[in-house]
Amino acid sequence: MKLRMAAITIKDLTLYLNKMKHLQLILISLLVILLESCTSNGNKADGYGNFEATEITISAEANGKILYLDAEEGSLLEQNKVVGVIDTIQLSLKRDQLLASKNTIYSKSRNVLSQREVLREQLKVAQNDQNRIDNLVKANAATTKQLDDINGQIGIIKEQIKSVETQNSPIINEVKSIEIQIQQIEDQINKSIVQNPLKGTVLVKYAEPNELTAFGKPLYKIADLEHMILRVYISENQLANLNIGQEVSVKIDAGDDMKSYPGEITWISESSEFTPKIIQTKEERVNLVYAVKVSVKNDGSLKIGMPAEMWIGTNTNDK
């Protein structure tokens, strides 16, 4: 009797366990269906991409030794701030040499011009004599030979003035040539002073003080990180919902939640391209998409290369 009761108990227990397993399977199936319904309710971002910024490489515009360069990585530089100086001693010496040459040539020109002034005074005297003799000839108090002589003298003086001015022309041209060379040297000296062209953050520093640099050699790289650009990719079906100047919401991961930023669409690609492999899976990369740029004001949390999402219209509420 006891054996029979024990057998019944074991049989009931086995049936009970089978029912429990069946119930677990049902619960798991329901959970999977629930999760699929939650992820397929359309509450997805409209675009995915990464942040980027306009990066500018500042290069040297002069040759020489770097005397000073204050462009540390991560530092914020103001526009037109002097951040570096390249040695200008040789340029200054060459400029002084050109200035001395210019003064020497000017002295030659002054000598020639002084001769011209003397001749001009002689011409004035001769022209006064001409007027006087002409009046005397009209009064029969002087001969025409005297008038012819003074006229000839005036002609000679005028030719001498032209000759002197001809001698001065190449001197003036030489002075102008030296002045142009001086302007070139001064331009090189000005370019030896490194001025930051725009307000931004230094990303990379390529040179250090006391190093030799050359024209075109990079000194540092800078970017405006106050306004970041999110480049996202959208399908052709989404193009009708986007316009340049349209306000959208941009989200980034912030722990278990997401942080939202207001953004503005500034550019939409005119042509399609294959989805970048960093954005989607291999199967989805064969699809053609359009690139879109969204301008976002940075509060310091956004970094170059950081992934983010773009949300349009009613899909902009934080998850």
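Colleague: How do strand 3 and strand 5 pair, and over how many bridges?
Modeller: In this predicted model, strand 3 (residues 64–69) and strand 5 (residues 82–86) run antiparallel to each other, and they pair over 3 bridges.

Colleague: Nice. Which residue is the bridge partner of I66 in strand 5?
Modeller: I86 is the bridge partner of I66 there.

Colleague: And what order do the strands of the sheet come in?
Modeller: The order is 6-5-3-8, so to speak from one edge across to the other. The sheet is open, has 4 strands and is paired in the antiparallel sense.

Colleague: Which are the edge strands?
Modeller: Strand 6 (193–195) and strand 8 (212–213), each with pairing on one side only.

Colleague: Switching to helices: at what angle do helix 2 and helix 3 pack?
Modeller: Helix 2 (residues 89–138) packs against helix 3 (residues 144–191) at about 165 degrees, and the axes are 8 Å apart. Since angles over 145 degrees count that way, helix 2 is roughly antiparallel to helix 3.

Colleague: Is the crossing left-handed or right-handed?
Modeller: Helix 2 and helix 3 cross in a left-handed way.

Colleague: What residues, by class, are in that contact?
Modeller: The contact of helix 2 with helix 3 has 25 nonpolar residues, along with 15 polar and 13 charged ones.

Colleague: Now the rings. How many aromatic pairs did you count?
Modeller: The count is 0 aromatic pairs.

Colleague: OK, and what lies over the face of W311?
Modeller: That's K251, at 4.1 Å from the ring centre.

Colleague: What about W267?
Modeller: K293 lies over the face of W267, at 5.2 Å from the ring centre.

How values were computed. Residues numbered from 1 in each chain as written. Predicted model: local features only at pLDDT ≥ 70, side-chain atom pairs only at ≥ 80, totals over all residues. Heavy atoms only, no water. Phe/Tyr/Trp six-rings, centres within 6.5 Å; stacked < 30°, edge-to-face > 60°. Lys NZ or Arg CZ within 6 Å of the ring centre and 35° of its normal. Axes fitted to C-alpha atoms, helices over the stretch in contact; angles between N-to-C directions. Helix = DSSP H or I, 4+ residues; strand = E, 2+ residues; numbered from the N terminus. Parallel < 35°, antiparallel > 145°, perpendicular 65-115°, else oblique. Left-handed = near helix turned anticlockwise from the far one by under 90°. Nonpolar A, V, L, I, M, F, W, Y, C, P; charged D, E, K, R; others polar. Pairing = 2+ DSSP bridges.
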